[in-house]
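Me: Got a model open here and a few things to check. Can we go through it together?
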Amino acid sequence: MHTQNNQPTVRTRVAPSPTGAPHIGTAFMALFNYAFAKRHGGQFILRVEDTDQARSTAESEQAILASLRWLGIPWDEGPDCGGPHAPYRQSERTRIYLEHGRRLLAAGAAYPCFCTAERLAELRRSQAGADCAGYDGLCARLAPADAARRLSAGEPHVLRLRVPADGECAMRDRLRGEIRIPWAKVDHQVLLKSDGYPTYHLANVVDDHLMGITHVIRGEEWLSSLPKHILLYQAFGWTPPEFAHLPLLRNPDKSKLSKRRNPTSILYYRQAGFLPEALINYLGLMAYSFADGREIFTLAEMAEHFEIDRISLGGPVFDFQKLQHFNGRYLRSLAPAALWQRLQAWLLNDAYWQNIIPLAQPRLNQLADFVPQAAFLFADRLDYPPALLVQSSGGLDGPGVARLLKTAQWELEKPPAWNTDAIRGVFNRIAEIEKMKLKQIMPVFYAALAGAPAALPAFDAMALLGRDLTLRRLHYALETLETQGIALKGKQLKDLEKSYRAAYGAAD
RNA sequence: GCGCCCAUCGUCUAUCGGUCAGGACACCAGGUUUUCAUCCUGGGAAGAGGAGUUCGACUCUCCUUGGGCGUGCCA
């Protein structure tokens, strides 16, 4: 584990949370962590941070692993392949966090907090706009005997980090140098939740240490919680790793990349026919530049030449057109035989056609009907007359169609599994929400999905397209409506979302 | 509101005190091509503002402005 000059082997990690679709930002972080580790002859670890019991799903974890494999970023240790520090799934390590929580408690670095969710909500309300937010430290001032008594009485509680009242935390970021944050601005973070699971902060620090991570390369959104992590390393008596916070990928309006404005799921890029090496190349170009100025490069080349200090800090705007350009270059440079292989690896293969045949056969008069009928299952954006969406809506006006599409987007996010039955269930529910018959709402979706008022069965088609491309088609439909001057304007959309959330639960 | 981070063409970026501020995407013009696409050539396009340091600032310091993130028993 040590090189001849006694420097520990470089070990980096990517630590995705398996909630929802595999995010392009995860690939971005994985790429830089991988490149840095390999540049220094080290290891790259994949760790699954599934400590949010409510939102983590096995499907999401599988999709993340599959996406990283598709991108060609290999990991040396992970939940699938194991390793010397297994398990690599945090939900299987709860005992470790509990134990470390006890150590913090014993050392006085953490304290039990018995405050109710209601009290905390009230606290937050009263702090709106205040200079200092966060927990008020009520339970930190509990007499030790009191706390011990309530603890042994089995009163529900969480474990909170004890933070110094004044002074400041001096930290070092590899890319930014020294950073100072007043302790007074650091919240008494919950470390162990009342369900016995750790929060990110505890689990992350404990695992990074136990797994021998030497360099934590992560998103800039973590910079402001670095003091908490430093404090934890100190409390455990551990030497902190080196930290490098990467800028966040941005939307064209500079906000953090979100699926509202960009496709963010790696699965979308795969289904829409992007080449993994083109995507990697493009991501590598964001926030990084080779010393020799080259702009076309492979993962291996990046791993060979990567210099972490050449990372730039301005948040890069994700430019879909530029990605398309790069993808086109890669595609056109392929030998015909190689292109054919790529097409087969994509969707032009027996397995995919076999799924389509039973859907198309009942609708066939000539063999020549087949390909046109199936074409929409091989496309990204479809070209159709904008009027089609409203024409086929069976009575809904423009805004009504927009509302229907929006509702569908929210509802289609929900089922953890993606198959014909789950999708049918979703649309039955949408019909209920809209107080319409399934038969009435479906034509809009045939238009959005296939660019025609009628097509192969929609639920099966969506199952084949995958969740992310399906969602994308709905997004394109909404954009198409906008070209007709039909759009849910800011307030309208907010109101719709609000009432939707209130009635039907989380939407994002 | 408060804390922290950031700041070069529309976008991604190069420059590590002295450059006609370079490249890529996008855009525009021309050429090749039976069309289109590709490809080739050319063009317009940037140091947010103000102080200071210096012989000399895009580059170093400070202020202002702008943007981002954080402010959850999410990660």
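Me: How far is the sulfur of Cys139 from the closest cysteine sulfur?
Reply: This is a predicted model. In it, the sulfur of Cys139 is 3.7 Å from that of Cys115, its closest cysteine sulfur.

Me: And why is there no bond between them?
Reply: Because a disulfide needs the two sulfur atoms within 2.5 Å, the 3.7 Å between Cys139 and Cys115 is too far for a bond.

Me: How many disulfides in the whole structure?
Reply: Zero, from a search of the whole structure.

Me: Is Cys139 buried or exposed?
Reply: Cys139 is buried, at 7% relative accessible area. Cys81 is partly exposed, at 44%.

Me: Switching to pockets. What is the volume of the second largest pocket?
Reply: About 360 Å³. It is lined by 20 residues, and those closest to its centre are Pro8, Thr9, Gly212, Ile213 and Thr214.

Me: What classes of residue make up that lining?
Reply: Nine are polar, eight nonpolar and three charged.

Me: Now the overall fold. How many helices and strands does chain A have?
Reply: Chain A has 21 helices and nine strands.

Me: What is the radius of gyration of chain A?
Reply: It is 26 Å, which agrees with the value near 23 Å for a compact globule with 508 residues. The C-alpha trace spans about 80 × 55 × 35 Å along its principal axes.

Me: What share of chain A counts as buried?
Reply: 50% of its 508 residues. As for contacts in chain A with a separation of 6 or more, 74% come from residues 24 or more positions apart.

Notes:
Residues numbered from 1 in each chain as written. Chains lettered and ligands numbered in written order. Predicted model: local features only at pLDDT ≥ 70, side-chain atom pairs only at ≥ 80, totals over all residues. Heavy atoms only, no water. Buried < 20%, exposed > 50% of the residue type's maximum accessible area, 1.4 Å probe, protein only. 1 Å grid on protein atoms, 1.4 Å probe; cavity = no way out; pocket = protein on both sides within 12 Å on 5 of 7 lines; lining within 4 Å. Points joined across faces, edges and corners; volume = space filled by probe spheres on them. Nonpolar A, V, L, I, M, F, W, Y, C, P; charged D, E, K, R; others polar. Helix = DSSP H or I, 4+ residues; strand = E, 2+ residues; numbered from the N terminus. Rg over C-alpha atoms; globule rule 2.2 N^0.38 Å. Contact = heavy atoms within 4.5 Å.
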